[in-house]
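Here is a short tour of one protein model, written for a first look. Keep the sequence and the 3D view open as you read.

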Amino acid sequence: MNWKKLTNAEQIQEIKLLSEEKPVMIFKHSTRCSISSMSLDRLLRKWKDSDAEKVEPYYLDLIAGREISDLVAKEFRVPHQSPQVLLIKNGDVIYDNSHFGISYADLMGKV
């Protein structure tokens with residue numbers, strides 16, 4: 001999977017603009033959490049290379065970027081969770097889930 005790393009606040013506005021053309025997924029991952037690792041693994045096992053034509057994937061390392069995660073929560077009006085996946089379309093969150101509720105089928109069904 002070819003993730004774009006979400007590492008700075010300016011990217012949030014870029015994501016909103018990009019989502020006008022193509023849905024954007026943000027996966028918020030804690031490298032210290034086994035549930036987060038399992039949720040990420042479940043998503044990666046189902047991801048197909050062709051999915052990148054439908055959705056732009058971003059990865060947010062919560063250990064390195066907790067402040068960015070707080071900005072994402074504020075900008076998109078979605079409470080912070082870890083792990084968490086957000087799907088943004090036309091600047092708004094159209095899907096959000098966390099922990100074992102993160103579902104590849106549900107996510108891709110919204111694209």
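## Aromatic rings

A search of the whole structure finds 2 aromatic pairs. The model searched here is a predicted one. In one pair, the ring centres of W3 and F27 are 6.3 Å apart. Their planes meet at 55 degrees, so the pair is tilted. The cut-offs explain the word: planes under 30 degrees apart count as stacked, and those over 60 as edge-to-face.

Where do W3 and F27 lie? W3 is in the segment before β1, while F27 is in strand β2. The pair therefore ties together parts that are 24 residues apart in sequence. W3 and F27 also belong to one aromatic cluster with Y59. F27 itself has a relative accessible area of 0%, so this residue is buried.

## The sheet

Now look at the strands. Strands of a sheet pair through backbone hydrogen bonds, either parallel or antiparallel. This model has an open sheet of 5 strands, with mixed pairing. Their order is β1-β3-β2-β4-β5. Which strands form the edges? They are β1 (4–5) and β5, and each of them pairs on one side only.

β2 and β4 are antiparallel partners, with 5 bridges between them. Take two residues of this pairing. M25 has L87 in β4 as its bridge partner. K28 is matched with Q84 in β4.

## Strand β4 and its hairpin

How much of β4 is buried? The strand is mostly covered, with 5 of its 6 residues buried. β4 also runs antiparallel to β5, and 6 bridges join the two. One of the partnerships links I88 to V93 in β5.

β4 and β5 form a hairpin. Just 2 residues sit between the strands. In the turn, N90 has a positive phi of about 55 degrees.

## Helices on the sheet

Two helices can be placed against the strands. α1 lies across β1, β2, β3 and β4. It runs at about 160 degrees to β3. Helix α2 (residues 34–46) packs on the sheet as well, touching β2 and β3. The direction of α2 makes about 150 degrees with that of β2.

## The two sides of α3

Helix α3 covers residues 66–76. Its buried residues are I68, S69, V72, A73 and F76. Why do they line one face of the helix? Seen down the axis of α3, they fall within an arc of 145 degrees, so they share one face. A general rule helps here: an α-helix has 3.6 residues a turn, so residues three or four places apart point the same way.

What do the buried residues of α3 pack against? Their partners are α1 (10–18), β2 (24–29), β3 (56–61), β4 (84–89) and β5 (92–98). The face turned away from the buried side carries E67 and K74, which are exposed. After α3 comes R77, with a positive phi near 55 degrees.

## Three polar residues

Start with S39, which is in helix α2. Is S39 buried or exposed? Its relative accessibility is 2%, so S39 counts as buried. A polar atom of the S39 side chain lies 3.0 Å from the backbone oxygen of H99. Not counting residues up to four places away in sequence, S39 touches F27, P83, H99, F100 and I102.

Next comes N97, in strand β5. N97 is partly exposed, with a relative accessible area of 25%. Its side chain reaches the backbone oxygen of G101 at 3.1 Å. Setting aside residues up to four places away in sequence, N97 touches P83, Q84, V85 and I102. N97 and Q81 are 16 residues apart along the chain, and their C-alpha atoms are separated by 8.4 Å.

Last is S30, in the loop between β2 and α2. S30 is buried, with a relative accessible area of 10%. Which residues does S30 contact, leaving aside its neighbours within four places in sequence? They are S36, L62, I63 and S82.

How values were computed: Residues are numbered from 1 along each chain as its sequence is written. This is a predicted model: local features need pLDDT of at least 70, side-chain atom pairs count only at pLDDT 80 or more; totals for chains, interfaces and linings use all residues. Side-chain values use heavy atoms; hydrogens and water are left out. Buried means under 20% relative accessible area, exposed over 50%, partly exposed in between (1.4 Å probe, protein chains only). Helices (H or I, at least four residues) and strands (E, at least two) are DSSP runs, numbered from the N terminus. The arc is that of the directions from the helix axis to the C-beta atoms. Contact means heavy atoms within 4.5 Å. Two strands pair if DSSP finds at least two bridges between them. Axes are lines fitted to C-alpha atoms, for helices over the stretch in contact, and angles run from 0 to 180 degrees between N-to-C directions. Rings of Phe, Tyr and Trp (its six-membered ring) pair if their centres lie within 6.5 Å; planes under 30 degrees apart count as stacked, over 60 as edge-to-face and the rest as tilted. A polar contact is a pair of N or O atoms within 3.5 Å; within protein, one must be able to donate a hydrogen and the other to accept it, and residues adjacent in sequence count only if both atoms are side-chain atoms.
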